[in-house]
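The following exercises are to be worked with the sequence and the coordinates at hand. Each task is followed by a solution in steps.

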Amino acid sequence: MSDANQNGDSQKKSYHKKATGLALQTAEKHSRDHDLKLYGSCFCPFVQRVWISLELKQLPYQYIEVDPYKKPKSLLDVNPRGLVPALRHGDWGCYESTVLMEYVRLPAAALRGLKPMLTRFKLEDLQEGEPLLPPDAKTRAHSRLWSDHINRHIIPSFYRYLQEQDTEKQVTFAGELKDQIAKIASDADPNGPFFLGSSMSFVDVQMAPWVIRMEKVLKPYRGWPSAEKGSRWAKWVSAIEEHHAVKATTSDDGLYLDSYERYAENRPDTSQLAKAINSGRGLP
Ligand SMILES: N[C@@H](CCC(=O)N[C@@H](CS)C(=O)NCC(=O)O)C(=O)O
């Protein structure tokens, strides 16, 4: 049976429903029942943001693969909008990748409610490592400002470029995406390799899934060029691509090529996001 977004043609590629490669290994490692549950879809970049955050913080959690277009009740119970990612923590749930990334930062107060976790981990273990959002208020505001830039400019430019069928307009949208990237790269720590310096933090995780998809989706479908050798952007891209938490949540190339064919052909009924882009609305 073909999916709605195969546009009636079962020969067309569709989105994958199971991770592959290292992401599959990570999903299997986290398949056991746990109080902290991530409802995700293997191809989804918004999910990957939260998944990277969980891996980065080495938190115990359960990964549950769901089909966001079929919207099972378990997903709707947490997110009435029916989008992934959604996070359930005991009898509480929440959604929206940026919001969830802040939650995964898990302040000590929230951890106190996590009984099963505390039996396996000491509280101080969980607080180890760099926080995703820096402790200094001004640097935190700086991170949130650029997180807003990613959500408001970089991501919409990415999809406008990918969904556009007219080759001249594709050139325009590629230029827009490059400009938006240049803006954020010019405000990154000059030495890097990450946005704030030597370690991965909030802004890097927000960007990472699209950096991965620039190489695995925009390059094959639109001829997106590799970052210019020696540039600050190239340094950032390779630090993101080489990071263990990014690798652990990334599937093999074929999964992305197949899952994004519907976007590259701008098929009707692809997703809420694709519709929003086509009608000039903001992201769902
Ligand atoms: N603003 C949301 C966007 C999430 C989103 O669009 N997720 C897609 C998968 S990548 C989805 O669930 N789509 C279901 C649909 O289009 O009905 C977030 O940041 O979490």
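**Exercise 1. Identify the residue of strand 3 that stands opposite Leu38, and follow the pairing onward to strand 4.**

Solution. In this predicted model, the residue opposite Leu38 is Leu87 of strand 3. Leu38 belongs to strand 1, residues 36-40, and strand 3 spans residues 86-89; the two run antiparallel and are joined by four bridges. The next step starts from Leu87, whose bridge partner in strand 4 is Cys94. Strand 4 covers residues 92-95 and pairs with strand 3 over four bridges, again in the antiparallel sense. Finally, the connection between strands 3 and 4 is a hairpin with two residues between them. Gly90 lies in this turn and has a positive phi of about 65°.

**Exercise 2. Locate the cis peptide bonds that precede Pro85 and Pro193, and the positive phi of Gln58.**

Solution. As a reference, most residues other than glycine have a negative phi, and most peptide bonds are trans.

- Step 1: Val84 and Pro85 are joined by a cis bond with omega of about 5°. Pro85 is placed in the loop between helix 3 (73-78) and strand 3.
- Step 2: the bond from Gly192 to Pro193 is also cis, and its omega is near 10°. Pro193 lies in the loop between helix 9 (167-186) and helix 10 (202-222).
- Step 3: Gln58, which is not a glycine, has a positive phi of about 55°. The loop that holds Gln58 runs between helix 2 (45-56) and strand 2 (62-65).

**Exercise 3. Describe the surroundings of the ligand: which residues come nearest, and which polar atoms of Ser97, Gln272 and Pro284 approach it?**

Solution. Begin with the shell, which has 13 residues; those that come nearest are Cys44, Lys71, Ser97, Gln272 and Pro284. By class, the shell comprises eight nonpolar, three polar and two charged residues.

Next, consider the polar contacts, for which N or O atoms must lie within 3.5 Å. Ser97 contributes a side-chain N or O atom at 2.6 Å from an oxygen atom of the ligand. Gln272 uses its backbone instead: one of its backbone N or O atoms is 2.8 Å from a ligand oxygen. For Pro284, a polar backbone atom lies 2.7 Å from a nitrogen atom of the ligand.

The last step concerns burial. Taken alone, the ligand exposes 520 Å², of which the protein buries 93%. The space that the ligand takes is the largest pocket.

How values were computed:
Residues are numbered from 1 along each chain as its sequence is written. This is a predicted model: local features need pLDDT of at least 70, side-chain atom pairs count only at pLDDT 80 or more; totals for chains, interfaces and linings use all residues. Side-chain values use heavy atoms; hydrogens and water are left out. A residue is near a molecule or strand if one of its heavy atoms lies within 4 Å of it. A polar contact is a pair of N or O atoms within 3.5 Å; within protein, one must be able to donate a hydrogen and the other to accept it, and residues adjacent in sequence count only if both atoms are side-chain atoms. Accessible areas come from the Shrake-Rupley method with a 1.4 Å probe; for residues, only the protein chains shown count as cover. On a 1 Å grid over the protein atoms alone, a cavity is a set of points where a 1.4 Å probe fits but cannot get out, and a pocket is an open set with protein on both sides within 12 Å along at least five of seven lines; lining residues have an atom within 4 Å of a point. A molecule sits in a cavity or pocket if more than half of its atoms lie within 2 Å of its grid points. Ala, Val, Leu, Ile, Met, Phe, Trp, Tyr, Cys and Pro count as nonpolar, Asp, Glu, Lys and Arg as charged, and the others, Gly among them, as polar. Two strands pair if DSSP finds at least two bridges between them.
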